[in-house]
Amino acid sequence: MLSLSVGIPASAQQNDSDVCFKGSGQQAIAACTRRISQATGNNLAIVYHSRGYEYMKLRQFDLAIADFTQSIRIRPSSLDPYVNRCLCLRGKGEFAKAVADANSALRIDPNDRDARACLERAQQRIPYPAPN
């Protein structure tokens, strides 16, 4: 396998990709952070989304929102970053922004159940994660 990044062995790049996309928590966040400097185009959007998702699971909503925003900037036609940013905005109590993101997701796929659910919960001002 050829290394695409100077000074980083191909095996280390592959390991970071595996951990970034299949790992969890701080280990996945660290691997994704290393991949950001190496990825381009749609792959970069996916890496930002993966890291954002890990931040979201840890309820680090500001960091997650920043990564989902970068993913959207690179690949605005991707549905998942809008839906996940909607969840994070609900987690912060920013319901109007959450509604806007859900609507953006629904413009991409009007039948997406997750986007529809996020929209309805944001309109009802139900935070994320929803209280039991």
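In the predicted model, pLDDT remains under 50 across residues 1-7, and this stretch has 10 contacts beyond four places in sequence. For the chain as a whole, the mean pLDDT is 90, with 88% of the residues reaching 70 or more.

The chain contains 7 helices and 0 strands, and its pattern along the sequence is α-α-α-α-α-α-α. Of its 132 residues, 45% count as buried. Among contacts with a separation of 6 or more, 47% are between residues 24 or more positions apart. The accessible surface of the chain amounts to about 7500 Å², and carbon and sulfur atoms account for 49% of that area.

Helix H5 was examined in detail. This helix covers residues 79-91, 13 residues in total, and spans 19 Å from its first C-alpha to its last, which is close to the 18 Å expected at 1.5 Å a residue. H5 is mostly covered, with 11 of its 13 residues buried. The buried set includes nonpolar core members such as Cys-88, but charged residues also belong to the buried part of H5, among them Arg-85 and Arg-90. The packing partners of the buried residues of H5 are four helices: H3 (41-57), H4 (61-74), H6 (95-108) and H7 (113-123).

In soluble globular proteins, nonpolar side chains tend to be buried together. The largest nonpolar core of this model has 24 residues, of which Met-56, Ala-64, Cys-88 and Ala-105 touch the most other members. Helices H3, H4, H5, H6 and H7 each contribute at least two residues to this core. H5 provides the largest share, 7 residues. When residues up to four places away in sequence are not counted, Cys-88 touches Met-56, Phe-61, Ala-64, Ile-65 and Phe-68. A second core, separate and made up of 9 residues, includes Cys-32, Ala-39, Leu-44 and Tyr-48.

A buried acidic residue is found in helix H6, namely Asp-101. Asp-101 counts as buried because its relative accessibility is 5%, below the cut-off of 20%. Apart from neighbours within four places in sequence, Asp-101 is in contact with Tyr-82, Arg-85, Cys-86 and Leu-89. These four contact residues are listed among the buried residues of H5.

Side chains of opposite charge can pair when their charged atoms come close. The count for this model is 7 salt bridges. One of them joins Arg-34 to Asp-16, with the closest N and O atoms 2.8 Å apart. Arg-34 belongs to helix H2 (residues 25-36) and Asp-16 to helix H1 (residues 10-22), so this pair ties together parts that are 18 residues apart in sequence. The two partners differ in exposure: Arg-34 is partly exposed, at a relative accessible area of 42%, whereas Asp-16 is buried, at 8%.

Another salt bridge is formed by Asp-62 and Lys-92, whose closest N and O atoms are 2.4 Å apart. Asp-62 is part of helix H4 and Lys-92 is in the loop between H5 and H6, so the pair connects parts that are 30 residues apart in sequence. Lys-92 counts as partly exposed because its relative accessibility is 36%, a value between the cut-offs of 20% and 50%. Lys-92 also forms a salt bridge with Glu-94, and here the closest N and O atoms are 3.3 Å apart. Glu-94 is partly exposed as well, with a relative accessible area of 26%. Through shared partners, salt bridges join Asp-62, Lys-92, Glu-94 and Lys-97 into one network.

The loop between H5 and H6 also holds Gly-93. Just after H5, this glycine adopts a positive phi of about 80°. Gly-93 counts as partly exposed, at 35% relative accessibility. In sequence, Gly-93 and Tyr-128 are 35 residues apart, and the C-alpha to C-alpha distance between them is 8.4 Å.

Notes. Residues numbered from 1 in each chain as written. Heavy atoms only, no water. Expected span 1.5 Å × (residues − 1). Buried < 20%, exposed > 50% of the residue type's maximum accessible area, 1.4 Å probe, protein only. Contact = heavy atoms within 4.5 Å. Core = buried A, V, L, I, M, F, W, Y, C linked by side-chain atoms within 4.5 Å. Areas by Shrake-Rupley, 256 points an atom, 1.4 Å probe, with all protein chains shown as cover. pLDDT = per-residue confidence, 0-100. Salt bridge = Lys/Arg side-chain N within 4 Å of Asp/Glu carboxyl O.
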